[in-house]
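Here is a short report on one protein model. It covers unusual backbone angles, the sheet, a helix and the salt bridges.

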Amino acid sequence: MKNELDPAYLLRAYEIVTQFGEKTKEGHRLDGIEAFSDYDGYTIYLAGNGVQLRVGFHNTYHLDYEHENLKTQFLNKVDALVKNYRQS
């Protein structure tokens, strides 16, 4: 995948969900986005709408999805989340 996503932006989205989201079994959930990490915290995940985004060590990332429209909807939600919580 080309570098179309900014890992720093994704980390900001993760921070917003974990700070303002409701606690869940896996992590936290806010506005339809779930954020959680692996056991050592080196890999973080954002998930929702049938899409899972994994951000790993050295700012690598991988998106898992079945349909392009699900990916687009998910990324739009992440973008809206960061924009709505920008002042925080």
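His58 is found in the loop between E5 and E6. Its phi is positive, about 60 degrees, although His58 is not a glycine. His58 counts as exposed, at 66% relative accessibility. Here buried means under 20% relative accessible area, exposed means over 50%, and partly exposed lies in between, with a 1.4 Å probe and protein chains only.

The model is predicted: local features need pLDDT of at least 70, side-chain atom pairs count only at pLDDT 80 or more, and totals for chains, interfaces and linings use all residues. Residues are numbered from 1 along each chain as its sequence is written, and side-chain values use heavy atoms, with hydrogens and water left out.

Asp31 also has a positive phi, near 50 degrees, and is a residue other than glycine. Asp31 sits in the loop between E2 and E3. Its relative accessible area is 46%, so Asp31 is partly exposed.

**The sheet**

The names E and H follow DSSP runs: helices are H or I with at least four residues, strands are E with at least two, and numbering starts at the N terminus. An open sheet is built from 6 strands, in the order E1-E2-E3-E4-E5-E6. The pairing is antiparallel. Two strands pair if DSSP finds at least two bridges between them.

Which strands stand at the edges? They are E1 (22–23) and E6 (61–64). Each has a single partner strand, so one side of each is left without a neighbour in the sheet.

Strand E3 covers residues 33–37 and strand E4 covers residues 44–48. The two run antiparallel, and 4 bridges join them. Phe36 has Tyr45 in E4 as its bridge partner.

**The helix across the sheet**

Helix H2 spans residues 68–84. It lies across E2 (28–30), E3, E4, E5 (51–55) and E6. Contact here means heavy atoms within 4.5 Å. H2 runs at about 60 degrees to E5. Axes are lines fitted to C-alpha atoms, for helices over the stretch in contact, and angles run from 0 to 180 degrees between N-to-C directions.

**Salt bridges**

Side chains of opposite charge can pair when their charged atoms come close. A salt bridge is a side-chain nitrogen of Lys or Arg within 4 Å of a carboxyl oxygen of Asp or Glu. By this rule the model has 5 salt bridges. Among them are these:

| Pair | N to O distance | Citation |
|---|---|---|
| Glu4 and Lys71 | 3.1 Å | salt bridge |
| Arg12 and Glu15 | 3.9 Å | salt bridge |
| Lys83 and Asp79 | 3.1 Å | salt bridge |

The salt bridge between Glu4 and Lys71 links distant parts of the chain. Glu4 is in the segment before helix H1 (7–20), Lys71 is in helix H2, and the two are 67 residues apart. Is Lys71 buried or exposed? Lys71 counts as buried, at 9% relative accessibility. Glu4 is partly exposed, with a relative accessible area of 47%. A network of salt bridges links Glu4, Glu68 and Lys71.

Arg12 and Glu15 both lie in helix H1. They are 3 residues apart, about one turn of the helix. Arg12 is partly exposed at 24% relative accessibility, and Glu15 is partly exposed with a relative accessible area of 43%.

Lys83 and Asp79 both lie in helix H2. They are 4 residues apart, about one turn of the helix. Asp79 counts as partly exposed, at 25% relative accessibility.
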